[in-house]
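Visitor: I should like to go through this model and ask what stands behind the terms used for it.

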Amino acid sequence: MTYVENRINKLLQKLPEDVDAVLIHSGVNRQYFTSFPSSAGTLLVIKNAEAYFIIDFRYYEKAQKEVNGCTVLLQEKLFEQINTLLKKHNVKKIAIESEYMTVSEFSYYQERLPNVSLVMNKQVDEMIRNMRMIKSAKDLEYIQTAQKITDDAFHHICSYMQPGMTEKDIAGELMDYTYRNGSERPSFDFIVVSGANSSLPHGVPTNKKVELGDFITMDFGCVVNGYCSDMTRTIAVGRVNEKQTLIYNTVLKAQLAAIKTVKAGALCKDVDYSARNVIKEAGYGKCFGHSTGHSVGLEIHERPAFSPLDQTVCQPGMVITVEPGIYLAGQFGVRIEDMVVVTKNGCEILTKSTKDLIIV
């Protein structure tokens, strides 16, 4: 059984009894079930029948060669094709991805598929989400490859940057390096912030020049075969003072405490607490206002998350970031982020870059 067939079969096995088919139009779920990235296309999975991947001329030839486990059809008149397939297989009820479809899109589908009942079935969305939570060996291979490029980019930028460069200069070089070394695209807009700007957790690179005594926080990642990487490191330029050292070491202590908590059976909120409590006890609880981590896969932010409200039980194969931070408004900020994969007795750290405080 191919990689694609296995996932489609799992989807079919878990469909609610009253649902005859699932129509998948979101790019991320299309890729999950076909292993084929595309900006368009429709996947129709029919119970007790087969799956059809309807794709336009731009991708058709390649999809015919690469997609296994479902029938690839050239898209001509999409809704006529879908209606013909529904009639052929006597489909009466179709589930639609409620998390990825707007109200206007749902109405559009209703108008053009008048002979079936369309349902935004949260059970189906949850089922797909739960499947995507657990990464396969192949998924992990892609994530690790993406992270290797990201780690290498960090090593490169530490020897490249110097005072007088702007945040945009550094972000641009990081971007160029990842592209040159195998990244398909950035997994999100790179964050490179220095000095007082580093107190902004999601700050945008500016024309501010890097100065002696600055902390520089760099949060970046790349994509390989659709799968994302994500890491953050904070480094110093030229020198550090006592307060910077204290804050850096507090964040590192919090991150290591959270990583130590990660294992199969742990609650996500307890992992968050492990990091948050260290920062709170150090007197900086109000300076850490985001969750400790998020799952990563085909999307940069997936579920579950290491947050105070997430009661999800960690399972082997989940890939989640661990990224506590402390942000002192108008002064500086520190964040340290690794990706980890949950294992039975703990976790494996996928991010290999040092967490020692680097001074460049």
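Visitor: What makes up the largest nonpolar core, and which residues have the most contacts inside it?

Guide: This is a predicted model, in which local features need pLDDT of at least 70 and side-chain atom pairs pLDDT 80 or more, while totals for chains, interfaces and linings use all residues. Residues are numbered from 1 along each chain as its sequence is written, and side-chain values use heavy atoms, without hydrogens and water. The largest nonpolar core has 41 residues, and I8, F33, L43, F53 and V319 have the most contacts inside it. The name applies because such a core is a set of buried Ala, Val, Leu, Ile, Met, Phe, Trp, Tyr and Cys residues joined through side-chain atoms within 4.5 Å. Apart from this core lies another of 30 residues, including F215 and C268.

Visitor: Why is strand 2 called largely enclosed?

Guide: Buried means under 20% relative accessible area (1.4 Å probe, protein chains only). In strand 2, a DSSP run of E (at least two residues) spanning residues 42–46, 5 of the 5 residues are buried, so the strand is largely enclosed by the rest of the structure. T42, L44 and I46 point one way and L43 and V45 the other, and all are buried.

Visitor: How do you know that strand 2 and strand 3 pair?

Guide: Two strands pair if DSSP finds at least two bridges between them. Strand 2 and strand 3 (residues 51–55) are joined by 4 bridges in the antiparallel sense, so they count as paired. T42 has I54 as its bridge partner in strand 3.

Key:
Buried < 20%, exposed > 50% of the residue type's maximum accessible area, 1.4 Å probe, protein only.
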